[in-house]
Amino acid sequence: GRGDPYAHVERLAGLGPDVIPHDGAPFDADAFHERLFAEAHTDRTVGAVLLDQTVLAGIGNYLRAEILFVCRLDPWRTVRDLTREDLACLDDAIAEVCARAYELGGQTVEDDVRPRLASEPGMTYAAPTDWNTRHYVFRRTNLPCLVCGHAVRQKKQVTAQWETDEGEAAEKSRVLYFCLTCQGTTVDLPPV
C-alpha cells in the first residue's frame, strides 16, 4: 500500500466525513451530524455550513445548491432550526446527489428530468445541451423552477467570516441558487 495519508497530511484529520467514502462504505451521517451541531456552527446558516469542509468533505457550490433544493430547505435557515426530517433528507440527498454527480460527470437531476429540460421551451437559456440540462437550480437564475414554475433566483451568501491579522473583519461570499417558493426562502431580493 501507499501508507496512511492521515499520517502524512496533517490537515486531512480536520476534514468532515467524505460525501463519497473511498472504501465503498455508506455516507457517515452520524459523523456529519456531530460536526454540524458543534457549538461553532449552530447559529450559522445551513447553506454556509454545507460548504465548510471541516463539517462535510466534498461539497462545492453547485452541490450545496442542488442538495438544499432537493430537500426544499431555505439556505438562510440556521443549523439549530433544522428538524429531524430536515436532517434525514440532508443525509439522503447528500449521499444520492453527490453519488449521481460523481457517476454522471456533474449531473444532479435524475435522468427522467433531463428530457423535460431539453424539450420544454424556456427551460434553458440557449438551445438545450448536455451542460445546461443537468441541474435543478444551479446556474438557472430566472428560469422556471422544475417543481413550481416560479423563477429560480440567486443571491450571494456569506459562507465564512474571520478576523484578519490586522484585526479587521473579513468574509467570503458565494452565489447561491434557489427557489423562493419551494425552499420557503424569505431573503430580500430585487424583483425579477
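**Close-up 1. Cys89, at one end of the disulfide.** Cys89 is partly exposed, with 25% relative accessible area. This is a predicted model, and it holds one disulfide. That bond runs between Cys89 and Cys71, with the two sulfurs 2.4 Å apart. Going by the -100° turn about the S-S bond, the link of Cys71 and Cys89 is left-handed. Cys89 sits in helix α5 and Cys71 in the loop between α4 (61-70) and α5 (84-103), so the bond ties together parts that are 18 residues apart in sequence. The Cys71 end is buried, at 10% relative accessible area.

**Close-up 2. Cys98, a cysteine whose sulfur is too far from its closest cysteine sulfur for a bond.** Which cysteine sulfur is closest to that of Cys98? It belongs to Cys71, and the gap is 11 Å. A disulfide here calls for sulfurs within 2.5 Å, so at 11 Å the Cys98 sulfur is too far for a bond. Cys98 is buried, with a relative accessibility of just 2%. Cys98 also turns up among the contacts of Val19, shown in Close-up 4.

**Close-up 3. Cys179 and Cys148, a pair without a bond.** Look at the sulfur of Cys179 and you'll find its closest cysteine sulfur in Cys148, 3.5 Å away. The cut-off for a disulfide is 2.5 Å, so this pair is too far apart for a bond. Is Cys179 buried or exposed? Cys179 counts as buried, with a relative accessibility of 0%.

**Close-up 4. Val19, a buried loop residue.** Val19 belongs to the loop between α1 (5-8) and α2 (29-36). Its relative accessible area is 6%, so Val19 counts as buried. Leaving aside residues up to four places away in sequence, Val19 touches Phe27, Leu56, Ala57, Gly58, Ile59, Ile94 and Cys98. For a sense of distance, take Asn142, which is 123 residues from Val19 along the chain: the C-alpha atoms of the two are 30 Å apart.

**Close-up 5. Thr45, in the loop between α2 and α3 (46-49).** At 17% relative accessibility, Thr45 counts as buried; the cut-off for that label is under 20%. What does Thr45 touch, once residues up to four places away in sequence are set aside? The list is Pro75, Trp76, Arg77, Thr78, Val79 and Gln157. Asp81 is 36 residues from Thr45 along the chain, and their C-alpha atoms are separated by 9.5 Å.

**Close-up 6. Arg139 and Asn142, in the loop between α6 and β1.** Arg139 lies in the loop between α6 (114-119) and β1 (152-163), and the place of Asn142 is likewise between α6 and β1. Check the backbone at Arg139: phi is positive, about 55°, although Arg139 is not a glycine. Asn142 isn't a glycine either, and its phi is also positive, at about 70°. How accessible is each residue? Arg139 counts as exposed, at 51% relative accessibility, while Asn142, at 43%, counts as partly exposed.

How values were computed
Residues numbered from 1 in each chain as written. Predicted model: local features only at pLDDT ≥ 70, side-chain atom pairs only at ≥ 80, totals over all residues. Heavy atoms only, no water. Helix = DSSP H or I, 4+ residues; strand = E, 2+ residues; numbered from the N terminus. Buried < 20%, exposed > 50% of the residue type's maximum accessible area, 1.4 Å probe, protein only. Contact = heavy atoms within 4.5 Å.
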